[in-house]
Amino acid sequence: MIGREYTFPMKALVITSLQGPSSLVVQDVPEPAAKAGQSIIRVAAGGLNFADFMTTKGGYPGTPPPPLIAGREFAGVELTGNDENTGRRVMGYAQWAVFAEKTAAYPNMLWPIPDQWSFEQAAAFPVNYFTAYLGYWQAGMTLPAAEQPMWGQPPSAVRPSEALQRTPRVLIHAVAGGVGTAAVQIGRLLGVEMYGTSSSPEKLARVQELGLQHGINYKRHDYEEVVKDLTHGEGVDAVFEMLGGEHTAKSLRCLRDFGRVIQYGTATGHAPKIDLRAMYAKSASVQGLWLTYLSQKPEIMGPAWKQLSSWIAEGKLAPQIGHVFPLERAVEAYKLLEEGKNYGKVVVKI
Ligand SMILES: NC(=O)c1ccc[n+]([C@@H]2O[C@H](COP(=O)([O-])OP(=O)(O)OC[C@H]3O[C@@H](n4cnc5c(N)ncnc54)[C@H](OP(=O)(O)O)[C@@H]3O)[C@@H](O)[C@H]2O)c1
């Protein structure tokens, strides 16, 4: 399976066809053999991502055809190539084949698990926190306040002192989800004023406890109108947009001058609609973000991990786990994401 050499059988969650979560089956498959430079990990927990759901429907770019072992994010214990236990607790990121008793991973996609974290917490970390952090980075908000670009000012202008004192604003869609809850924790640390959307008042109440200042229930209110009202017609500096379709154009209209829509997903299944006139009107932009691509760039991942790990060491980041399922009930976990009913991360115990 998937071009690797295998030895002994192990349990794995296999995508047997591209019919959605119902095509997932726990099967005995051969163990992975490490390619040069890879480690073998005994997997304890897997983090479920919306991308995993998309993969079961053939909607994720670059995925090989089935049969294919599911899962892209994990936590466990690193083993050497000959099965000796090194004891290093690691969390990691791959493109597939991690919802199994063992997986193979390259060292640049493995990070040490903080001592105080469980495997479940660690499995909820890499994708959500790197994506959220890189969203702020692409929005120009990860620098200390004194070095931040002038929000809403032309790039060439001399920074007036009042511009430096303005708090940057971000609108976060699916704020109660995996990436969303990570973005709230990071936004709080960066001193960002956050507006966030969710379908549920209960989910919004939980995220407000994490530091979200302005929760918007999009089932009851038009988020574009709410953002306009709350910002006195000015808009936000960035939108973390993962819905696609009309929401991209709508998010552009939520921006203030020189704002950026950071487009990192299409959960609606519709291609983002881009309204160039709205972009001209405010010198605004839409910028793509794809962790799969950025994760291959050490010059980007290194500084991101340096910042994230220092926040972890200070106890400032706490992965939000809404639901834990055993491997045998993974289909239910996938359906929770499909129906948008999850809070924070959904974790699968291996
Ligand atoms: N580009 C990247 O590198 C990257 C990395 C990670 C994730 N992503 C993308 O980011 C998005 C969030 O991923 P995640 O894993 O953190 O998932 P998630 O946010 O935990 O779950 C998805 C949430 O989106 C909301 N939602 C709104 N419209 C939806 C729809 N039509 N269908 C399903 N859910 C909908 C739901 O929350 P409410 O009901 O509260 O709105 C749901 O709980 C996904 O689009 C994913 O593909 C991209």
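Colleague: What makes the pair formed by a backbone N or O atom of Leu291 and an oxygen atom of the ligand a polar contact?

Modeller: In this predicted model, the backbone atom of Leu291 lies 2.6 Å from the ligand oxygen. A polar contact is a pair of N or O atoms within 3.5 Å, so the pair qualifies.

Colleague: Which atom of Ser198 lies 2.7 Å from an oxygen atom of the ligand, and which residue has a backbone N or O atom 2.8 Å from a ligand nitrogen?

Modeller: For Ser198 it is a polar side-chain atom. The backbone atom belongs to Tyr264. Taken alone, the ligand exposes 900 Å², of which the protein buries 89%.

Colleague: Where does the ligand sit, and which elements give two or more residues to the shell around the ligand?

Modeller: The ligand occupies the largest pocket. The contributing elements are α1 (50–56), α3 (126–138), α5 (178–190) and α12 (330–338). The ligand is surrounded by 27 residues, with Ser198, Ser199, Leu289, Leu291 and Asn342 the closest. By class, the shell comprises 14 nonpolar, 11 polar and two charged residues.

Colleague: Why is the space of about 40 Å³ called a cavity rather than a pocket?

Modeller: A cavity is a set of points where a 1.4 Å probe fits but cannot get out, whereas a pocket is an open set; the space of about 40 Å³ is therefore classed as a cavity. The structure holds one cavity of 30 Å³ or more.

Colleague: What lines the largest cavity?

Modeller: Its lining includes Asp52, Thr55, Leu68, Ile69 and Tyr334. Both α1 and β4 (68–69) supply at least two lining residues each. Six lining residues are nonpolar, three polar and two charged.

Terms used:
Residues are numbered from 1 along each chain as its sequence is written. This is a predicted model: local features need pLDDT of at least 70, side-chain atom pairs count only at pLDDT 80 or more; totals for chains, interfaces and linings use all residues. Side-chain values use heavy atoms; hydrogens and water are left out. A residue is near a molecule or strand if one of its heavy atoms lies within 4 Å of it. A polar contact is a pair of N or O atoms within 3.5 Å; within protein, one must be able to donate a hydrogen and the other to accept it, and residues adjacent in sequence count only if both atoms are side-chain atoms. Accessible areas come from the Shrake-Rupley method with a 1.4 Å probe; for residues, only the protein chains shown count as cover. On a 1 Å grid over the protein atoms alone, a cavity is a set of points where a 1.4 Å probe fits but cannot get out, and a pocket is an open set with protein on both sides within 12 Å along at least five of seven lines; lining residues have an atom within 4 Å of a point. A molecule sits in a cavity or pocket if more than half of its atoms lie within 2 Å of its grid points. Helices (H or I, at least four residues) and strands (E, at least two) are DSSP runs, numbered from the N terminus. Ala, Val, Leu, Ile, Met, Phe, Trp, Tyr, Cys and Pro count as nonpolar, Asp, Glu, Lys and Arg as charged, and the others, Gly among them, as polar. Grid points are joined across faces, edges and corners, and a volume is the space filled by probe spheres set on the points.
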